[in-house]
Amino acid sequence: MKNEAYYQAYLSHNQISRRGLFRSLFATGESAVLSEKHLLRPPFAAREDLFTAVCNGCGNCVAACPNGLIRLEQNQAILEIDYAPCDLCGKCAEVCPTNALHLNFPADTLLRPQFSSVCLIQKNQTCLDCQSVCRQQAISANLKIDNERCNGCGECKITCFIGAITLK
């Protein structure tokens with residue numbers, strides 16, 4: 001459930017254009033299905049079996065996230081990269097009392113970009129936005145993802161002005 005705080009954070013990071021408004025109206029089904037199928041954990045998360053066993057749903061990580069990307073679902077932390085990328089600052093892990101999130105675990109969301117058929121590069125047009133914004137240099141010219149370099153921050157998804165990138 002997205003509440004008022006979510007939408008306030010969203011609007012503080014984005015200006016909604018007409019194109020963006022219509023895109024969000026027609027693309028909502030895909031993201032809803034994604035969040036129901038996969039539990040998207042914040043960076044620095046323990047293995048899923050350990051995470052679910054020790055995360056007590058205290059909400060400290062939700063309050064600590066400077067971009068408001070973490071929420072609780074069924075008393076477990078969920079990461080939603082919808083309006084801002086995760087900068088992997090580690091503040092969520094610093095405040096976790098159960099160590100379900102810990103700075104010794106990988107600084108990786110385990111999300112990887114998927115490019116849809118509306119991607120300009122796939123239509124043989126020039127666009128370098130996702131490649132140029134990737135600090136890890138994990139996206140090649142032919143849209144291959146280097147999984148060793150990619151940390152799942154979501155910067156590419158947020159930068160794509162036509163919404164051709166989803167994170168899975």
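In the predicted model, residue E155 belongs to helix α7, which spans residues 155-159. With a relative accessibility of 17%, E155 counts as buried, because the cut-off for that class is under 20%. Leaving aside residues up to four places away in sequence, the contacts of E155 are with P85, V133 and R135. The loop between α6 (129-133) and α7 contains Q137, a residue that is not a glycine but nevertheless has a positive phi of about 55°. Most residues other than glycine have a negative phi. Q137 has a relative accessibility of 57% and therefore counts as exposed, the threshold being over 50%.

Positive phi values also occur in the hairpin formed by β1 and β2, where 2 residues lie between the strands and Q74 adopts a positive phi near 55°. N75, located in the loop between β1 and β2, likewise has a positive phi, of about 60°, without being a glycine. The strands themselves run antiparallel, with 4 bridges joining β1 (residues 70-73) to β2; within this pairing, L72 has A77 of β2 as its bridge partner. Along β2, which covers residues 76-79, Q76 and I78 point one way while A77 and L79 point the other way, and all of these residues are buried.

Strand β2 also contributes to the nonpolar interior, since it and α5 (91-94) are the elements that give two or more residues to the largest nonpolar core. This core comprises 24 residues, and those with the most contacts inside it are F51, L69, I70 and L101. Apart from this core lies another, of 15 residues, which includes C119, L120, I121 and L143. For L101, the contacts beyond residues up to four places away in sequence are P42, P43, F44, A45, F51, C61, C92, A93 and C96.

Helix α3, which extends over residues 48-54, contains A53. The relative accessibility of A53 is 63%, and A53 is therefore classed as exposed, given that this class begins over 50%. Between A53 and T98 the separation in sequence is 45 residues, whereas their C-alpha atoms are 10.0 Å apart in space.

Definitions and conventions. Residues are numbered from 1 along each chain as its sequence is written. This is a predicted model: local features need pLDDT of at least 70, side-chain atom pairs count only at pLDDT 80 or more; totals for chains, interfaces and linings use all residues. Side-chain values use heavy atoms; hydrogens and water are left out. Buried means under 20% relative accessible area, exposed over 50%, partly exposed in between (1.4 Å probe, protein chains only). Two strands pair if DSSP finds at least two bridges between them. Contact means heavy atoms within 4.5 Å. A nonpolar core is a set of buried Ala, Val, Leu, Ile, Met, Phe, Trp, Tyr and Cys residues joined through side-chain atoms within 4.5 Å.
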